[in-house]
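I opened this one in my viewer today and kept notes as I went. Here is what I looked up, in the order I did it.

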Amino acid sequence: MSQTSPGARLDLAGVLTGVRRMAPLSLFVVVFGLAFGVAALSRGLSGLEAMMMSALVFAGASQFAALELWGPEIPLLPLIATTFAINARHLLMGAAIQPWLAHLPPKQRYASLVVMSDSNWAMAVADHQRGETNVGMLVGGGIALWLTWLAGTLLGVLFGSGIAEPERFGLDVIMGCFLLAMLVGGRRDLSMLVPWGAAALAALAAMAWLPPHSHVIVGALAGGLAGLLVWPDRKKREAVA
Amino acid sequence: MSLPSTLAGSAVAILLMALVTYLTRAGGVFVMSRLPIGPRVERFINAMAGSVLVAVITPMAIQGDWGARLALLATLTVMLASHKTLAAISAGIATAALWRLVA
């Protein structure tokens, strides 16, 4: 279970491959973007502001949540706290790929992270687990997602009211199905069922008893801890035995 | 503290959101690069990587309607059987749409 690859590299060919591999999936993102554009206008943002938010923030869930706070006045502290809470999962996602990205020069490393979001991160992690060293999936996939998120927002801003009930067409389940496919498509390792079970239970408990949006972080940390507790230093014991 | 939602006020609020979001994207890497990564930290991280996704998906299954639940089930089944991501996601979407058409 140690690192599967000795290094990391980032080149144009890898990035283009990443864009291409994400392209079919990122078409779904257009629909999310469209929904965001529509919602933003209905909350009183201008088209320009909606586009700015999609371009600069590029984190769907937190953008939708921010709309809830938008009014004649924008309360800054709640806005910052909500944005942080919803996006704090990025901290854990970054931590998970740090051993891999550590092989990149710092400028490339921190530039790559600008476009890190759930889907391209998940695909890049799956790549890494298969022994891939090229970080192009993270960057190229991120660029594809960014472009389609922006295109979707633009469509929403321009032709807002077209799609009234996206859930009728099953469009609201795209994200969940995508992430589940990533989870199952990654490394097949039954020992992961214990931490994943712990993560699910902790996330549900956090939803019931802890502040909104804390469940992702609580679940992820619980899963990590379960991974530690279930196999305490197995390698050492095997070495002794 | 609040800003008026003029263009300038909104721009400042959006820039703050962007800054906070980038800090979350870079922060995990920044902190971990300053921690020694032993086998325990590595095992924690390995278990955590999938757990993030589990923690995002679980509420969708619990709070969602049967359309959402069956969609996840369809995706899981197709993914386990065929390992084809696009097919798995399409199956999920189709299942949710069909369920809601019928139910």
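These entries go through the domains, then the places where parts touch.

**Entry 1: what kind of model.** I noted at the start that this is a predicted model.

**Entry 2: domains of chain A.** I looked up how chain A is divided. The assignment gives domain 1, residues 12-187, and domain 2, residues 189-241.

**Entry 3: where the two domains of chain A meet.** I wanted to know how many residues of each domain are in contact. I found 7 residues from domain 1 of chain A and 8 residues from domain 2 of chain A. Together these two domains bury about 700 Å², and 77% of that is on carbon and sulfur atoms. Next I asked which elements give two or more residues to the domain 1 side. They are α4 (76-87) and α5 (89-101) of chain A. I also sorted that side by class and got 5 nonpolar residues, 2 charged ones and no polar ones.

**Entry 4: polar links between those domains.** I checked for salt bridges across the interface of domain 1 and domain 2 of chain A, and the rule finds 0. I then counted residue pairs in polar contact between them, both at pLDDT 80 or more, and that came to 0 as well.

**Entry 5: chain A against chain B.** I moved on to the two chains. Their contact takes 90 residues from chain A and 68 residues from chain B. The buried area is about 6900 Å², with carbon and sulfur atoms giving 75% of it. On the side of chain A that touches chain B, I listed 61 nonpolar, 19 polar and 10 charged residues.

**Entry 6: polar links between the chains.** How many salt bridges are there between chain A and chain B? I got 0. For polar contacts I got 13 residue pairs between chain A and chain B, again with both residues at pLDDT 80 or more.

**Entry 7: strands across the chains.** I looked for the partner of strand β1 of chain A, residues 73-75, and found strand β1 of chain B, residues 2-4. Parallel or antiparallel? The two strands pair in the antiparallel sense, over 3 bridges. I zoomed in on A:Glu73 and saw that it stands opposite B:Pro4 in β1 of chain B.

**Entry 8: domains of chain B.** Last, I looked up the division of chain B. Domain 1 of chain B covers residues 1-35 and domain 2 of chain B covers residues 49-103. Their centres, taken over C-alpha atoms, are separated by 32 Å. Strand β1 of chain B, from the entry before, has residues 2-4, and domain 1 of chain B runs over 1-35.

Terms used: Residues are numbered from 1 along each chain as its sequence is written. Chains are lettered from A and ligands numbered from 1 in the order in which they are written. This is a predicted model: local features need pLDDT of at least 70, side-chain atom pairs count only at pLDDT 80 or more; totals for chains, interfaces and linings use all residues. Side-chain values use heavy atoms; hydrogens and water are left out. Domain bounds come from an automatic or database domain assignment. Contact means heavy atoms within 4.5 Å. Buried area is the accessible area (1.4 Å probe) that two parts lose on being put together, summed over both. A salt bridge is a side-chain nitrogen of Lys or Arg within 4 Å of a carboxyl oxygen of Asp or Glu. A polar contact is a pair of N or O atoms within 3.5 Å; within protein, one must be able to donate a hydrogen and the other to accept it, and residues adjacent in sequence count only if both atoms are side-chain atoms. Helices (H or I, at least four residues) and strands (E, at least two) are DSSP runs, numbered from the N terminus. Ala, Val, Leu, Ile, Met, Phe, Trp, Tyr, Cys and Pro count as nonpolar, Asp, Glu, Lys and Arg as charged, and the others, Gly among them, as polar. Two strands pair if DSSP finds at least two bridges between them.
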